[in-house]
Each structure stands twice: as structure tokens, then as C-alpha cells.
Amino acid sequence: GQPRDRDDYALEITALGHSCIGSGLDPIHALYVFEEIEKTRHSGVCVHNALFLCYLCAPIRNDGGNIEPNWERYYDVFFVLSAPKKEVAQLIGISERMLGEYARHRSRRPTPTTP
């Protein structure tokens, strides 16, 4: 085909791009949120309790610096969760093994593959 002139192109922002800009998230975090929403759309919202909704509404980044949860406490609490709450934990990728790893390696917590 014929080469186009620079003025022949127009860029348009997608709905995802618009949401990314509006949220103030960087592209990596915005994509992570989008993927979590997509998973929820396909698997449905777990409405056994409010835990899943808290997960969906929780901030995904720590702009405050060095705030690190007490992973030992999270590990202990995990064991007393009801079956429906453990189901929510599984849906969002939290396992006994993962919490155990975080609790054992507090100073060198494993790096997740996503933000």
C-alpha cells in the first residue's frame, strides 16, 4: 500500500486506558486489577461473606513504604477461618503454604509474580 502521512493517524484511548488514567494506577497495577476483575466476571462473586468484597476493594499498592503485615498472625488466623472464608482465600490465591512461607521468611518474603 501507499505510505500514509503522519496526519492520517489518530490515537484513541480504550475504556481500560481511560480507567487506568482515572485511577492513577501505573499500567502494571492497572492490568493486574483488570485481570482480577475479569477472573471475578468469569467465576462470579463469592457472596458467602464480605471477605471477597473486601479483597476486591482493598488497595493493591503500598505507597507508604515499609508496611509489612504480621504474616505469622495471618497464618494463625487462617486456621480458624470457616470453610466459606477459606474458599474465598483459595479464590484469591491465598493458601496455607503461601502464608507459611511468608511467616517463615519475614525478612526475605517471596516475591509474588504479580504486583
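In which helix is Leu16 found? In this predicted model, Leu16 belongs to helix α1, which covers residues 15-23.

**View 1. Leu16 takes part in a nonpolar surface patch.** Together with Leu31 and Phe34, Leu16 makes a nonpolar patch of about 240 Å² on the surface. The relative accessible area of Leu16 is 35%, so this residue is described as partly exposed.

**View 2. Trp71 and Tyr102 form an edge-to-face pair.** The count of aromatic pairs comes to four. For Trp71 and Tyr102, the ring centres are 4.5 Å apart and the planes stand at 85°, and the pair is therefore edge-to-face. This pair links distant parts of the chain, with Trp71 in helix α4 (residues 71-80) and Tyr102 in helix α6 (residues 96-104), 31 residues apart. Trp71 and Tyr102 are both buried, and ring pairs join these two residues with Tyr74 into a cluster.

**View 3. Tyr75 and Phe79 form an edge-to-face pair within helix α4.** Their ring centres lie 5.0 Å from each other, with 85° between the planes. The two residues are four residues apart in helix α4, which is about one turn of the helix. Tyr75 has a relative accessibility of 23% and therefore counts as partly exposed, while Phe79, with a relative accessible area of 38%, is partly exposed as well.

**View 4. Lys86 lies over the face of the Phe78 ring.** In this close-up, which concerns a lysine and an aromatic ring, Lys86 is placed at 5.4 Å from the ring centre of Phe78.

How values were computed. Residues are numbered from 1 along each chain as its sequence is written. This is a predicted model: local features need pLDDT of at least 70, side-chain atom pairs count only at pLDDT 80 or more; totals for chains, interfaces and linings use all residues. Side-chain values use heavy atoms; hydrogens and water are left out. Patches are made of residues with over 30% relative accessible area and no salt bridge: like charges are joined within 9 Å, nonpolar side chains (Val, Leu, Ile, Met, Phe, Trp, Tyr) within 5 Å. Accessible areas come from the Shrake-Rupley method with a 1.4 Å probe; for residues, only the protein chains shown count as cover. A salt bridge is a side-chain nitrogen of Lys or Arg within 4 Å of a carboxyl oxygen of Asp or Glu. Buried means under 20% relative accessible area, exposed over 50%, partly exposed in between (1.4 Å probe, protein chains only). Rings of Phe, Tyr and Trp (its six-membered ring) pair if their centres lie within 6.5 Å; planes under 30 degrees apart count as stacked, over 60 as edge-to-face and the rest as tilted. A charge sits over a ring if NZ of Lys or CZ of Arg is within 6 Å of the ring centre and within 35 degrees of the ring normal.
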